[in-house]
Amino acid sequence: MTALTHVLPYLVAVWVFLAGCYGLATSRDLIHAVGCLSVCQAATYVLLLAVGYRDGGTAPVFSDVTPGSRPVVDPVVQALALTDVVVGATVTALLLALVVQVAKRHGTVDPDELSELRG
Amino acid sequence: MHHLLPLLVAVPLLGAALLAATGRHLPRTVADGAACAVSAGSAALALLLLAHSSPPLTEWAGGWEPVAGHSVGILLTGDGPGLGMAALVCVLTLAALAYSRRSLDEPPHGHAGAFPALVLVFQAGMCGFAIAGDLFNAFVWFELMSVVAYALTGHRVEEARAVQGALAFAVVNSLGAYALLMGIALLYARTGELALARIGDALDAHGPPDALVLAGFVLVLTGLLVKAAAVPFQFWLPDAHAVAPTPVCMLLSGVMVELGVFGVWRVYDTVFSGPGGLPAADAERVLTVLGAATAVTGAVMCWHQRHIKRLLAYSTIAHTGLFLIGLGTLTPEGDDGVALYVVGHAGVKAALFACAGILLDRYGSVDEHVLHGRARPLRGVAVMVVAGALGLAGLPPFGTALGKSFAEEAAGGPFTVLYVLTSAVTAAAVLRVAARVFLGLGPTPREAGGEGAEDAYETTGSGEEPESGRRMARVPDTMTAVPALLLAGALAAGAVPGFGTAVARAVSGATTAGLVHTSVHWTPLGVGLGLLSSLLAVALAAVAVARPGRLAVPGRALPLRRLQSGHIGDYVAWLLVGTTVLGVLALPAVLSG
Amino acid sequence: MNGWILAAVLVLVTGVGATLWGVAGGPLRRRATAQNLCTALACPVLLLLAQGYGRPAYVDLALVLAVLGPVGTLVFARLLADELADDPPHARGPTWTAAALGAAVVGAVAVATGPGRALVKLLVIGVLLVGGNLIASRALAGGMQEGRGD
Amino acid sequence: MTETVIVVALLLVAVAATAAVAVRDPVRQSLVLAVLGVVLAVLFTVLQAPDVGLSQLAVGSALTPLLLLLTVRKAKRRGRRAERGRSAGGDGP
Amino acid sequence: MRLWLVAVGGAGLAALLVAACLRLPGFGGDRHPYGDRAVEAALSRHTANTVSSVTFDQRAFDTLGEMSILFAAVLGSVVLLRQTRDEHRARPEPAAVSRPVRRYALLVLPVALLTGLYVIAHGQVSPGGGFQGGVVAATALHLLYLGADYRALERLRPLAPYEAADALAASSYLVTGLAALLAGSAFLANTLLPYGTFNTLASAGTVPLLNAAIGMEVACAVVVLLAGFLDQAVEIVDEGEHDEHAEHDGGGKTGGNAADGGDHDDSGKRGK
């Protein structure tokens, strides 16, 4: 049990990242591709938070526990991840805005039909 | 003095925020003028800080000075290379803003401040990346400059190609950024630190490199090399640079791509160069192999383009390859040479893009065949394009020539040949364009319309819309003055005695703490090689113009051109392959360790 | 051993796992219903976890989910109204089960908390959770538009 | 017990992410992504990161699906129009 | 060809990452030097929520960057989703939403807004903060679109002030940072205000200020962002699209004359 659980979170992060990459590479729809990109992004959060976890720890928020009474997990990775979640959503929105324009100008959101830029 | 470092970021950001807040009510000239003033102010600040950068400035953001060697704050590093890049960014942004005042279409109603504000945020992001001394902070600014670059690339939303190129750019670079973040997480797991120097120390304390260090190295490098457009991560670059508005192209090709190279240098030098990082031999292998592949690919593709902006984009790829080879020597001479080369290249490439922009605005096309002989009246622009081409070739006394001679001497052996050939081929392509477009030399291409007869794997330049909204009757003075000044700057970088040595001192102040001083000056061999590649470029261009059939064999480069398919899925697949290649190239470090 | 967390695991495995299975395949109506049920079930899970870890501060998560979960479902109901109108989902059984579960969990946690400000917050969550999900599921079933509702 | 709940949440995230990639239709994918967001929030909670979980809930439950669906709606309308134009013109490839 | 590339690249990357995972310190390990230092630093500044302390105090410079990304993404989306020359606006038909849904929306709207504000305000004490609360508050506003119709939302949401407030919130973050610099300390240093009493709203020095600035920025940013998408999806149509547009928008219609062509607004409301 423990041998597996000690690497399982990292493996899940890797799996999610690779799955997102696969979806992105084989996507037939740009909106779907943007969704896959946000899956890749979720993998980075999972990895970051898994790295910061401490056995038996609790959140480093001392509104309802006394400081020092319980071990706490790493707050730094949480800060890194939490800003990135919201920012990631707005970046997704920017990508979707580009997709909207692609749909308008090309009349399709299938990457296979976009063949203007090559060579 | 060191307290002023964060202002490099804060000033342009504040300018952008105020412009965005008031942009709705400002007339366009005021908005543009304000943006130029902010950009000029931060350029002055960057130069001032650069003058005081020896010994390197360090600043802990938020005043979190280290206690017992450890801090919880963010380190900003104001050393020679960092501040030098920041100064380059500021100067080039100023040039781009000055150029865009007359070139861009009237902004949509109510968005007068949006374009200059975005450019200022772009500047802030690039400056922040240049002075970041903290891995996650570097990631944040990296992401900021990427996000702004996507928006700026797709700025001309009426154009089908612009939005497609911007989307490919955005998807590939976002994925690269996530790879970088994964790498940061892995390194944090091992070391528990985020400041670059601390990570390096902690890796050294841990012992010889293992699979974790390798993966961290590969992932971090993937993110940075995507930005630097190294093979096989380069596919997004021509798609994006060919369609972005001209002032944005100047920034993208002039400094943003080079910042990727700078990031590789910074990260390797501070994090992975110790005993716990990657041995020098492996880093050398990774950088030189990728650099050589990039240089060759860029040069070949550059030669086969007829879309002028795309041609320039490929020449940027070729030169990035040369930068990577120079860095791959891991010697102070290589670093100095590349630093100077980057400065010279920024001036030359931005000037060339500006000239291409003039063509687009004046004639509504950037296709070499369509424009054949049509630009005869633009003599001044013709002189600038030829000068820029010779600058790319490395004709002394351009700054590119001085930097190149140093880098190629440091690389030595077969790489010298590669340097000469790559710079000659990219310059020859530009000279060919100049001869055909401005002088009307050579036979008129048969299918001047550019439609129908083109082979399937070609992007013509005839579908572009002038950025000014309509074709200009005459070229405004600012649009010609900007490239002229940029070229003059590139020339001065090589011609002004002492500039090269100053650059070298700034670089060595960061790497060897000023212990090793290399003096950079012209050597007979360097001048000779520079002249050789210029002559080669002229000869190649002459043959290409006189006998178009002889050199432009479309069949031979077709497999390479087919790879550039314009398909986002392909680009992502190549990105995955690229990480694997990086891993394989660096693998011996782990196996031996 | 912590009973609250055990309960959370049970709800997570049976409830959320089932909705995940539901959303991954099948016709659109099944997926939309599963999405609605997922938020309805995750909210009690968060409450149970907050109680299990002994961290009343975690209750804020449940509050936000109780507010925004039904909003998310309304988004789907509104923007997919055309598709869903042809084939409206009816899932009274699971919906009422989820609502009952939510009410039960809120009740249990409320008893454990005792009177005070925290209790008020819990009750607000309970009302929002149960009411929101019933409304959302009704909207999915065609109740979004005037005249078409049941 | 805390370990079990972490493992369960991790597996749910892995399954949800796989489903989000495997579902190719963007409308259905946005439904799966909404569920993925909620499951991720639960995972973040059990990893003792309530701040991140709150972020994820705020973004994943309503905002992202709304953006995705609005994009789909706009793109679909365009696509249908282009299709009609092509069939009406008769000279499509 | 692409599948082969994905297979090769994916396998290589997977092997590399799995090998790396096996060398990572075990999940739940006890060694977090930076984290432990951050907790101490947060307590020394009377900040109960360590994560907020890291976000808005210790690594506030990072947050400046993240905020700028948000700002740039919104500015970029506004530029990308602008109404182009070949498009015009058509007023959507008012949608008739059934009474329970409408009642629910109008009832929950203030509750959700309050929740958002609560989450922002308690950032330095309990889980939450500007990023999370801002999104909740902005989403709450869009209940008007879901529960009533687009016109109702537009009435409550004149876009110009939101765009300006977005930029001003970003400026105020920067100004707070610069004020510390002018006061003789470092940029974004948390030295301007007293640190207050631990675990109360008035604690942690400038953290609540920066938190509020971010909250406002995020809320306005999301509103502006969604406005761009809603405009595109509901209002902006190009020539020849109008007939089809009518049958689609608003989600549901009671029927009747759908294609009400007389309701164009070519000048664009945003211009005024």
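Me: What percentage of helix does chain A have over residues 76–100?
Reply: The structure is a predicted model, in which local features need pLDDT of at least 70, side-chain atom pairs count only at pLDDT 80 or more, and totals for chains, interfaces and linings use all residues. Residues are numbered from 1 along each chain as its sequence is written, while chains are lettered from A and ligands numbered from 1 in the order in which they are written. Helices (H or I, at least four residues) and strands (E, at least two) are DSSP runs, numbered from the N terminus. Over residues 76–100 of chain A the end C-alpha atoms are 36 Å apart and strand takes 0%, with helix at 100%.

Me: Where in chain A does UniProt place the feature "transmembrane region"?
Reply: UniProt positions are given in the numbering used here, with shortened feature names, and annotations may be inferred rather than shown by experiment. In the model, residues 6–25 of chain A are 90% helix and 0% strand, with end C-alpha atoms 31 Å apart. The unreviewed UniProt entry puts the feature in chain A at residues 6–25, 30–53 and 76–100.

Me: What radius of gyration does chain A have?
Reply: Chain A contains four helices and zero strands, and its C-alpha trace spans about 60 × 35 × 20 Å along the principal axes. The radius of gyration is taken over C-alpha atoms, and the globule rule is 2.2 Å times the number of residues to the power 0.38. A compact globule of 119 residues would come out near 14 Å, but chain A has 20 Å.

Me: Which helix of chain A gives the most residues to the side that touches chain E?
Reply: The contact takes 41 residues from chain A and 49 residues from chain E, where two residues are in contact if their C-beta atoms, placed from the backbone, lie within 7 Å. Helix H2 (8–26), helix H3 (30–52) and helix H4 (75–106) of chain A each supply at least two residues of the side of chain A that touches chain E. With 16 residues, the most on that side of chain A comes from H4(A).

Me: Which pair of chains has the most contacts?
Reply: Chain B and chain C have no contact, and their closest C-alpha atoms lie 24 Å apart. Chain B does not touch chain D either, the nearest C-alpha atoms of the two being 14 Å apart. Among the eight pairs of chains that touch, the most contacts are between chains B and E.

Me: Which residue in S2(B) stands opposite B:Glu59?
Reply: Four of the five residues of strand S1 (residues 57–61) of chain B are buried (20 or more other C-beta atoms within 10 Å of the residue's own, against 12 or fewer for exposed and in between for partly exposed, with C-beta atoms placed from the backbone), so S1(B) is largely enclosed by the rest of the structure. S1(B) and strand S2 (residues 74–78) of chain B pair in the antiparallel sense over five bridges; pairing requires that DSSP finds at least two bridges. Opposite B:Glu59 in S2(B) is B:Leu76.

Me: In which helix of chain D is confidence highest?
Reply: Chain D has three helices and zero strands, and averages a pLDDT (the predictor's confidence in each residue, from 0 to 100) of 82. Residues 86–93 of chain D stay under 50 and have one contact beyond four places in sequence. Confidence in chain D is lowest in helix H3 (residues 50–89), at a mean of 77, and highest, at 92, in helix H2 (residues 26–46).
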